[in-house]
Amino acid sequence: MSESSAAAYQPLGRSAMAARVARDIPEGWYVNLGIGIPTLVSNHVPLSREVVFHSENGVIGVGPAPPPEAVNPWLINASSQHVTLRPGGSYIQHADSFAVVRGGHLDLCVLGAYQVAENGDLANWARSEDDTGPQIGGAMDLAVGARRVWAVMEHTTREGKPRLVHRCSYPLTAKAAVSRVYTNLAVLDVTPEGFVAREMIAGLSLAGLQARTGAPVRFEKQA
Amino acid sequence: MIDKFVRSMAEAMAGIADGSTVLIAGFADVGQPNALIEGLVEQGARDLTIVMNSGGRGGTGLPKLLEAGRVRKLICSFVRSASVAGELVTAGKVELEVVPQGTLAERIRAAGAGVPAFYTPTGAGTKIARGKEVREIGGRECILEYALPGDVALVEAWRADRWGNLEFRAAGRSYNPIMAAAGRLTIVQTQHVAELGEIEPEAVVTPGIFVHRVLHVPYGDPVMPAPAKS
């Protein structure tokens, strides 16, 4: 990224991206958060707005991280972080936990991604065909099973290459799964006509966004 | 009198044959039967196929079996490149089958429930689908996945009685109930022992019908490695 463009606008940081996602989650939704930036989303949903977070390891009603002196060593989330259980929360076995996922019971899953294609294809588990650390975890189930799948990700690679693309070059997690993408530069919907930007960070032009995106983007404010 | 308690690790591990498929429960270190894994290393069975959530990090659990050279194949939902499992897979010393976590759980559940196979949209159109039967059901592309029974299941419980009724603690439940049901020989390590009838019937998550041997191991709380940067 050139110095002049960097000076013109300030890409969102990880926490700000998570906060932006959190703004769009209404009370009453059942939500699963993937590893990485998605995990930070719950920090930005106030407890007064009752959103129920599900974790793949069989926890429904995940609450905030406990202070060190109040850690329950038996209570972790799918990222192996110590968490709390909100009043009303429950524990279920693993096949039931994935019945929640695969049975279409989640209103939303927020996942990280390496690439999202303009047709909604998602790639988030391997960087190449022969990746020696395949990280499928629950992503394939979540991408297929949740009613909505939102991706939250950096808009480009560290080298500045687009990660929103015409077709994914990385191994797929699921076909036509993602309906919305939150990046450090913009919020975009995945529509039958491709990427539609709904908002962009201050100082970034549509031409600037297009230059960093590997598929056509048009801008249309949310109705 | 039914008494599924065994008095020693040797008794718990007796008869596990070379070439067995072993289901190992737990998620990260929570609900993972670490004492039984160590017992299996000691027991010496080789050429094992291990089924568990992940390839683990280091220290407790699976890495000990891997380092002892007892594992031929690992079936799990993810492997970290920088782990004992990742290194052995890269070196071609351990065969790896990566399975989406929900498919893994359902294959184990199906085995315990006598369902030989099922169709699922999870993994359709991805690398996971290669070589699998594909069928369109209800307008969705699905792939056929087979049940995954264990010759042996290793399980950790919070409390057990002599009939093998089990209670779990918080997120320590995870894979334990489905693996208990899917094991032809289900071996449990329990933190606490209850008198028969002491566990409220409503609180029994895994009934003793799924359990064959129970060893009392007051192992203590799970220890998390330093959390991954998120």
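This note covers helix H5 of chain B and the interface of chain B with chain A.

1. The model is predicted, so that local features need pLDDT of at least 70 and side-chain atom pairs count only at pLDDT 80 or more, while totals for chains, interfaces and linings use all residues. Residues are numbered from 1 along each chain as its sequence is written, chains are lettered from A in the order in which they are written, and side-chain values use heavy atoms, with hydrogens and water left out.

2. Helix H5 of chain B (a DSSP run of H or I, at least four residues, numbered from the N terminus) covers residues 101–113, and its 13 residues should span 18 Å at 1.5 Å a residue, which agrees with end C-alpha atoms 18 Å apart. The expected span is 1.5 Å times one less than the number of residues. Just after H5(B), Gly114(B) takes a positive phi of about 75°.

3. Among the buried residues of H5(B) are Leu104(B), Glu106(B), Arg107(B) and Ile108(B), where buried means under 20% relative accessible area with a 1.4 Å probe, protein chains only.

4. In the interface, 52 residues of chain B are in contact with 40 residues of chain A, contact meaning heavy atoms within 4.5 Å.

5. The rule finds 2 salt bridges across this interface, a salt bridge being a side-chain nitrogen of Lys or Arg within 4 Å of a carboxyl oxygen of Asp or Glu. Arg130(B) forms a salt bridge with Glu129(A), with the closest N and O atoms 3.2 Å apart. H5(B) gives the most to the side of chain B that touches chain A, with 6 residues.

How values were computed. Helices (H or I, at least four residues) and strands (E, at least two) are DSSP runs, numbered from the N terminus. Buried means under 20% relative accessible area, exposed over 50%, partly exposed in between (1.4 Å probe, protein chains only).
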